[in-house]
Structures are given as C-alpha cells and as structure tokens.
Protein chains: 2
Amino acid sequence: MPVVAPQPLPKIASGIAGFDAISKGGLPRRRTAKRALSLAASPVVNSLLAAVPRRDYERLLPELEPVALTYGEALYEPGQRVRHVYFPTDCHVSILVMAEGKAIEVGLVGREGMVGIALAMGVEHSPVRALVQGSGAALRMRGDAFLEELARCTPLQREVQRYAYAKLAQARQTAACNRFHLVEARLARWLLMTGDRVRSDQFHLTHEFLADVLGVRRVGVTNAAGDLQRRKLIGYHRGDIAILDRGGLEAAACSCYGIVRNLAS
Amino acid sequence: MPVVAPQPLPKIASGIAGFDAISKGGLPRRRTAKRALSLAASPVVNSLLAAVPRRDYERLLPELEPVALTYGEALYEPGQRVRHVYFPTDCHVSILVMAEGKAIEVGLVGREGMVGIALAMGVEHSPVRALVQGSGAALRMRGDAFLEELARCTPLQREVQRYAYAKLAQARQTAACNRFHLVEARLARWLLMTGDRVRSDQFHLTHEFLADVLGVRRVGVTNAAGDLQRRKLIGYHRGDIAILDRGGLEAAACSCYGIVRNLAS
DNA sequence: CCGCGTATGTTCGGGAACGAACAGAAAACA
DNA sequence: TGTTTTCTGTTCGTTCCCGAACATACGCGG
C-alpha cells in the first residue's frame, strides 16, 4: 500500500522539541509579530496566530495545545468530522484528494498556514485527507474554541480568509499544473516548495511518497529524480534528498512554483 | 486564437429578458427563499442573495444592477483589480487558469454562486480569468458596496464562506480529475455540469471552446464527443449539443461529477 | 554475518494524448 | 449567387506515461 496507513491520534509533544530551535530562524515576521509572548518561552512562529493581537492571544493561549506530529500521521480522513484545527510551527502537512485508490496532493501547509480551513468556512466535514509530511511541532486547538475565537477576533478572521483564498488559488494552479506540466517539472516544483516549508535544502522523502503526492507511478519519480540528479540539481540516497542547485532546480520547475509562492504573499 | 478575446465591459441589460423566464423554474429554494421580493417583479433567483434576510435585502437592492452577460465576455482578467462582483441569475461563468498560452477551467459558476469571491476573502486582484460561458442575466454590484453589505449581514457572510469552501473543494477535485481521468470522462462530466447550470439538456458550445475548458486539443474533444455520440449519449451539430441519455452520460463521466455536485450541497 | 525489508534502478509493451496539417461541410455574408 | 468563415472530421508520427515485472543495493535486527 502506497500511502502510510492512518494512525490513531497525534501524541502530545513529549518535550516540545523544535520550538526554540526555530526561534532563531529568519522568518519574515508579520506586522503584529514583534510581541515576544511566551508559549514555552518562545515567540509565535505560526503566521496566522501571529496576526492575533496580544490581548486576544492571551485569552487564546490556554486553548493552544502543543503537539508533536510525525511523518505519515493522518490528521483528517475524507468524510471525517473536523474536531481540531492545527497550526504548524515546525512541520508541514499535505492535503490529499483520494480518487479510486490513488491519491494526489492539492495543497501543502506549513507554518504560514493552518490545517482545517473547512471549519473556518462553516464546513464540518473534511472532504480531504491531511497527512503529516514533515515531522515536527504544531499547535492544536479544539474546533469550537477556534470558531469562538474567530468570531471574536477580526484580525484573525481577516488573515484566515486571505489564507483560505490563497489555498483556493493554489489548488486552481495545481489543477492547471497537473494537466499541462511534465512529471519532472512538477517534481522540481514540489521539492522547492517542500524546501521552503522546512527552511532547509535537505529533507527525507522516499520515491514512493513522492509518487503519491504527485499522483504518478513510483517509476515516474525514479526517472525524473534520476534525471535531476544527473544534472546535479539534487542529490539523494535512500530517501535523503538534498537540493544542490536551487537556481537550476527553479529553472527545471514549472512556472507554477513562482506563481503559487507569490499567491501566498 | 482559441478563447474568445476579452471585451470591454458588460452592457446593461437591454430588456431584462430572462428574469421572469426563470421564475417558473423548479429551483430547490434555500430556507430563506420564500420571500417574494420584487426586483423587476420577480423573486430572488440567486442562491447566495436568497440568504439575505428581507430587511437587509431591501437596503441592498438599489446596489444590485441587472446586467446581460454574453457568451465570450471576460468579467475578469488575471491580475486585474476586481471592481464588481456578479450574481448569475440565468447565465453561467467559467473560471479559467491561464498557463503558457493555454487555458483550463478550474471552476464553474451558475445561479448557485457568485463571481468575485476573491473580494469577499480580502483579495483585491483576481488571479484568474472569468469568462461568460452561457449568455444571460446576472446581478452586478460594486465591490465596496458588496464588502460593506458583507460586513453587515452575517447570513450572507455565512453563505458566501460556505460557497467559497465549496469552490475550494471543487478546484481540488478538479486537480485530481485532471490528473487521473480520460478526456472522454471529463467531457461527459463537464457536459453534465453545464446541463445542470442551464437547467436544460440542450446548449450551444463548439468543440473549440470545450477544448479550452478541458485543456486539451480540439481534436481530443472531437474524438471523445464523436464516441459519446456514437453511443447515443449525446447529439450535436455545429455547436448545438444535446444530452440524449443522461443516465448513460453519468455512467460515462468520472465520479468527480457526483462528488462535486454533492459538495455544492 | 546472514537474512529480510525497504529503497531504488531497469526493462517492456501498450495506450492516451500531443502537434501539425489537411479536407469536407455547413453557415454567414456579400 | 458565389465567397468566406466557422465548425467538424481524419490522418501521421511522436512523446509521455502507464501497468507489470524483475533486478540490485543498502541497512537493520537477529
């Protein structure tokens, strides 16, 4: 079976590792992000939460539960009721549409966004699968608490809505991309996007997993990746992928990379 | 050139034709739709507007300008500022993503929705092209007036948000569909969806136009359509398309048809 | 250090769609 | 009426990707 099987529920972070590891990162902060509020003695590293004014944030804080998400964990399954929303702080999550046993990625969420927009838009059941793709920390919140806060806090509402629209635009671009672009270009785009999310040029991903998110055969990934490697754009070894030549990889990727990145604004 | 060239601005309806033609239709009304308010002496036939309570609606009415949209007219071009939102009452509009000279449809809007969600979500410039695909009547509203009303009217806000999420889900499903399904199945789905929008089994569309919305060559459409015709599922003649066997066509279409229809709820 | 699971590489035949080009036929127009 | 435009049908060689199957290589646990 290609995609990792669903697992029980996310475990509580066993040591909030990663939280302070990020704080030194050069994340371009949002306007309201200069507060240094203490959640485990670290600043707010999720862009959406960073939009919440200090006063509101303090009320909201006890509702935010730090969790450690691990590779392969499914946060939502299609048709399931959405009980929690997640704000990644140091991990990223794939949004997958399932069709006839196959899967394909239609969105990617990192610390710039949230998982569970459906709730914010008045929809209680997720039509998609949300799969943790890069292990790490996130903040989890109960659905009803989130909705309450959303109703109360206009800045958060604004940010969430803009983010939701970015997701829409991203999904639309992906629809076009899936139709027009070759596997190799799509692979390159996807590696770049993942690199952006993990803020590193190295990460761990098997061809099998890549085949799933791209909606192609594993062999298709092997060929495309092999070609990229021959051209010294990437290197990999048993799942350890490294971006060697970012510029070259961007040239190999389709224009959708730049378009989607700009959409996220 | 495949897609019809952009045109100036929509003209004002020269005789509000179509408005009363619809009123007898058996549209499944929304819960709040039993009011019989008079806009050109006819009830509200747009589902989103139907969510507006009577009191708010009366204030909103003068802002709604009836316009006649004609086939091929572009309501938005990519990158353009969104000045108006449109509520189709008796027409439908394609949302297209442009990529390298080619186009592909990523959404379809009829009387169940609106064109210009971007504005409602806090985004001022449309990343997509909105092309009138079935001529007919719509209600147009200035962007700022719409935003004002949105802020004031919670029921409208709710409906618009749910609709926006439906659009997101639709775009995602389309992304998967574009990747996995054959031209013939996608064509069948698309004909069914259009039939739903125009509430008829007959409409006018050339192969050339179909090729554009499906993102394939015209020849691809000719072949697929020829096959569907041979199987007596559809009939056509120089752009006049008729669905002959709806059940059969649904069988020929991919499951995305049912999925997307249910999402629209 | 052996074996087995996981990850990657390679091959083969086949099908769907592509780009390009041309032909016929119906409608629109002059 | 004849001419032009629009719409549809058909062909050809090519490319990309598919499904299936098999071969190798690494690394962990016994």
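Two residues count as being in contact here when their C-beta atoms, placed from the backbone, lie within 7 Å. With that in mind, let us walk through this predicted model, beginning where the two protein chains meet.

Across that meeting place, 31 residues of chain B are in contact with 31 residues of chain A. On the chain B side, three elements each supply at least two residues: strand S5 (92-99), strand S6 (102-109) and helix H5 (154-180). Of the elements of chain B, H5(B) gives the most to this side, with 17 residues. Sorted by class, the side of chain B that touches chain A holds 18 nonpolar residues, along with six polar and seven charged ones.

Now let us turn to the DNA, starting with strand C. Around DNA strand C there are 18 residues, and the closest are A:Thr206, A:His207, B:Leu182, B:Val183 and B:Gly220. Both chains therefore appear in that list, as the letters in front of the names show. Helix H7 (207-214) and H8 of chain A, together with H8 of chain B, each supply at least two residues of the surface near this strand. The largest share, five residues, comes from H8(A). By class, the surface near DNA strand C has seven nonpolar, six polar and five charged residues.

What surrounds the other strand, DNA strand D? Here 18 residues surround the strand, and the closest are A:Leu182, A:Val216, A:Gly220, B:Thr206 and B:His207. At least two residues each come from helix H8 (218-230) of chain A and from helix H7 (207-214) and helix H8 (218-230) of chain B. For the surface near DNA strand D, H8(B) gives the most, with five residues. This surface divides into seven nonpolar, six polar and five charged residues.

Since H7 and H8 of chain A have both come up, let us look at how they sit together. Two packed helices are described by the angle between their axes and the distance between the axes. The axes of H7(A) and H8(A) come within 8 Å and cross at roughly 105°. Angles of 65 to 115 degrees count as roughly perpendicular, so H7(A) and H8(A) are roughly perpendicular to each other. From H7(A), the contact is made by A:His207, A:Glu208, A:Leu210, A:Ala211 and A:Leu214, and from H8(A) by A:Arg218, A:Gly220, A:Val221, A:Thr222 and A:Ala225. By class, this contact has five nonpolar, three polar and two charged residues. One of its members, A:His207 of H7(A), is also among the residues closest to DNA strand C.

Notes: Residues are numbered from 1 along each chain as its sequence is written. Chains are lettered from A and ligands numbered from 1 in the order in which they are written. This is a predicted model: local features need pLDDT of at least 70, side-chain atom pairs count only at pLDDT 80 or more; totals for chains, interfaces and linings use all residues. Helices (H or I, at least four residues) and strands (E, at least two) are DSSP runs, numbered from the N terminus. Ala, Val, Leu, Ile, Met, Phe, Trp, Tyr, Cys and Pro count as nonpolar, Asp, Glu, Lys and Arg as charged, and the others, Gly among them, as polar. A residue is near a molecule or strand if its C-beta atom, placed from the backbone, lies within 6 Å of it. Axes are lines fitted to C-alpha atoms, for helices over the stretch in contact, and angles run from 0 to 180 degrees between N-to-C directions. Angles under 35 degrees count as roughly parallel, over 145 as roughly antiparallel, 65 to 115 as roughly perpendicular and the rest as oblique.
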